[in-house]
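Welcome to this short tour. Please open the structure in your viewer and keep the selection tool at hand.

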Amino acid sequence: VTNHTKQDLKGFTVLLAEDNKVNQIVARRFLENWGLEVLIAENGNEAFSKYIDNNVDLILMDLQMPEMDGFTATAKIRQWNKDVPVLALTASV
């Protein structure tokens, strides 16, 4: 197991696609504490646009969002880039 420090993550950009404001705040604080730059999208359409307009290293994608859900947004992103890591998030039980 390799031990990583916060310094290892500096310079990386994460796109957080999440429509819940509280979840955005909590996730942003956590990710920025690790030295990551965080872009926030509030729906799938915005997530796709921000992905196209920015150099993103990782996407954290809520599955249930207004306008376009995370499944559809991920499918559109995959048409552009099959290699960018996308991790699904959900607060649903």
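A term to have ready before the first selection: a residue is buried when its relative accessible area is under 20%, exposed when that value is over 50%, and partly exposed in between. One more thing to know is that this is a predicted model.

**Stop 1: the sheet**

Begin by showing the strands as a cartoon. You should find an open sheet of four strands, arranged in the order 2-1-3-4 with parallel pairing. Look to the two edges, where strand 2 and strand 4 (86-89) each pair on one side only. On average, neighbouring strands in this sheet are turned by 20 degrees against each other, ignoring direction.

Next, select strand 1 and strand 3, which pair in the parallel sense over four bridges. Which residue of strand 3 stands opposite Val14? Select Leu58 and you have found Val14's partner.

**Stop 2: helices across the sheet**

Now add helix 2 to the view. Helix 2 lies across strand 1, strand 2 and strand 3, and runs at about 140 degrees to strand 2. Then bring in helix 3, which lies across strand 3 and strand 4 and makes an angle of about 150 degrees with strand 3.

**Stop 3: the nonpolar cores**

Switch on side chains for Leu15, Tyr51, Ile59, Met61 and Ile77. These have the most contacts inside the largest nonpolar core, a group of 15 residues. Two or more residues each come from strand 1 (13-17), strand 2 (37-41), helix 2 (44-53), strand 3 (58-62) and helix 3 (70-80). Which element gives the largest share? Helix 2 does, with three residues. As a general point, nonpolar side chains tend to be buried together in soluble globular proteins.

Keep Ile59 selected and display what surrounds this residue. Beyond its neighbours within four places in sequence, Ile59 is in contact with Leu15, Tyr51, Ile77, Val84, Pro85, Val86 and Leu87. Elsewhere there is a second, separate core of eight residues, and Val14, Ala27, Leu31 and Leu60 are among them.

**Stop 4: the salt bridges**

How many salt bridges does a search of the whole structure find? The search finds three, so let us visit each in turn. In general, side chains of opposite charge can pair when their charged atoms come close.

Select Glu42 and Lys21, whose closest N and O atoms are 2.4 Å apart in their salt bridge. This pair links distant parts of the chain, 21 residues apart: Glu42 is in the loop between strand 2 and helix 2, while Lys21 is in helix 1 (residues 21-33). Glu42 has a relative accessible area of 31% and is partly exposed; Lys21 is partly exposed too, at 46%.

Stay with helix 1 and select Arg28 and Glu32. Both lie in this helix, four residues apart, or about one turn, and their salt bridge has its closest N and O atoms 3.4 Å apart. Is Arg28 buried, exposed or partly exposed? At 31% relative accessibility, Arg28 counts as partly exposed, because that value falls between the 20% and 50% limits. Glu32, at 42%, is partly exposed as well.

Finish on helix 2 with Glu46 and Lys50, a salt bridge with 3.5 Å between the closest N and O atoms. About one helical turn separates Glu46 and Lys50, because they are four residues apart in helix 2. Glu46 is partly exposed at 27% relative accessibility, and Lys50 is partly exposed at 25%.

Notes. Residues numbered from 1 in each chain as written. Predicted model: local features only at pLDDT ≥ 70, side-chain atom pairs only at ≥ 80, totals over all residues. Heavy atoms only, no water. Core = buried A, V, L, I, M, F, W, Y, C linked by side-chain atoms within 4.5 Å. Buried < 20%, exposed > 50% of the residue type's maximum accessible area, 1.4 Å probe, protein only. Contact = heavy atoms within 4.5 Å. Salt bridge = Lys/Arg side-chain N within 4 Å of Asp/Glu carboxyl O. Pairing = 2+ DSSP bridges. Axes fitted to C-alpha atoms, helices over the stretch in contact; angles between N-to-C directions.
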